[in-house]
Amino acid sequence: MRPENQSGVSQFLLRGLPIQPEQEGVFFILFLGMYLTTVLGNLLLILLIRLDARLHTPMYFFLSHLAFSDIASSSITIPKMLMNMLTQDHAIPYAGCIFQLYFFIVFGTFDNLILAVMAYDRYVAVCHPLHHATIMREELCVLLVAGSWIFSFVHALLHTLLLVRLSFCADSNINHFFCDLTVLLKLSCSNISLNELVLFTEGGVLYILPLAIVLGSYICIGIIILRFPTTKRLLKAFSTCGSHLFVVSLYYGTLASVYFFSSSWDSKDIIASVMYTVVTPMLNSFIYSLRNKDIKQALEMLVNRAHFFK
């Protein structure tokens, strides 16, 4: 069923980034390059994980799904932003806005959940290394990923259905470069108390609980390491958890600066949104590969195969 709103608003206008018109050409090239880097980098990461048997472990299984989610979330927002810069047509149909919002929530929620799953995997690897293979068995890994996807789709559907029942005012200007839930709620002429209640309760739990799992996992890892703080042990823990910890800090840091530490939506929030919608998905593939010996070896093997077939 095609979504319809009660006020007859047929489209919204995405005002985009707070940049001068003469600068749009430069930013278009910049964001196009970042988008292509995100897609190609994460596709390469998925390909390496699928082709190299040494990477068929829980961590890389979870990482392949994170890489796919990064590609999808970027593809939901960046192409439309680039098209707006190129054509100067900032309109987005109502149905298109709802579609963009739904899948943005899906992939954003999945990133949140899969980062918690990866933190638990790192906890088991460091704190219970002898039992890692038996605890993180294939069936559990598949169940955790499938559960994360299901929760993400249901969570997004709930907030989307609550949104489409609202009426929107005549001012359909969205002060953003994509259809964000909090911005759309501010444009509504209806009573949004139910939306806000669900957002702060169900949404809050769905984001705070994974963060608690991440923090709890790394606190336990820290306690274990500090019991016998040797240089070798510290280096091994850093190589095991460093990449994931950096990604988690980047993700939650930018997310918190937009949705928790901001009282009004302005240009600073839009710039922070660029960090977690554009920059973070691009950096993930580099963070997990540049300091990762297994990924480097898999890439060398892939290059050698390509040279062999030539």
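A residue is called buried when its relative accessible area is under 20%, exposed when over 50%, and partly exposed in between. The exercises below concern a predicted model.

**Exercise 1.** Find how many residues of helix α3 are buried, and compare the reach of the helix with its expected span.

*Solution.* Helix α3 covers residues 94-127, which is 34 residues. Of these 34 residues, 27 are buried, and α3 is mostly covered. From the first C-alpha to the last, α3 reaches 50 Å, close to the 50 Å expected at 1.5 Å a residue.

**Exercise 2.** Classify the ring pair of Phe103 and Phe107, and state the exposure class of each residue.

*Solution.* Begin with the positions: both residues lie in helix α3, four residues apart, about one turn of the helix. An α-helix has 3.6 residues a turn, so residues three or four places apart point the same way. Next, take the whole structure, where a search finds 16 aromatic pairs. In the pair Phe103 and Phe107, the ring centres are 6.2 Å apart and the planes stand at 25 degrees; planes under 30 degrees apart count as stacked, so this pair is stacked. Last, Phe103 has 22% relative accessibility and therefore counts as partly exposed, whereas Phe107, at 8%, is buried. Both belong to a cluster linked by ring pairs, including Phe68, Trp149 and Phe153.

**Exercise 3.** Identify the helices that each supply at least two residues of the nonpolar surface patch.

*Solution.* The patch, of about 360 Å², is made by Leu44, Leu47, Leu51, Leu299 and Val303. The helices are α1 (24-51) and α10 (293-309). Helix α1 gives the largest share, three residues. Leu47 lies in α1 and, at 39% relative accessibility, counts as partly exposed.

Notes:
Residues are numbered from 1 along each chain as its sequence is written. This is a predicted model: local features need pLDDT of at least 70, side-chain atom pairs count only at pLDDT 80 or more; totals for chains, interfaces and linings use all residues. Side-chain values use heavy atoms; hydrogens and water are left out. The expected span of a helix is 1.5 Å times one less than its number of residues. Buried means under 20% relative accessible area, exposed over 50%, partly exposed in between (1.4 Å probe, protein chains only). Patches are made of residues with over 30% relative accessible area and no salt bridge: like charges are joined within 9 Å, nonpolar side chains (Val, Leu, Ile, Met, Phe, Trp, Tyr) within 5 Å. Accessible areas come from the Shrake-Rupley method with a 1.4 Å probe; for residues, only the protein chains shown count as cover. A salt bridge is a side-chain nitrogen of Lys or Arg within 4 Å of a carboxyl oxygen of Asp or Glu. Rings of Phe, Tyr and Trp (its six-membered ring) pair if their centres lie within 6.5 Å; planes under 30 degrees apart count as stacked, over 60 as edge-to-face and the rest as tilted.
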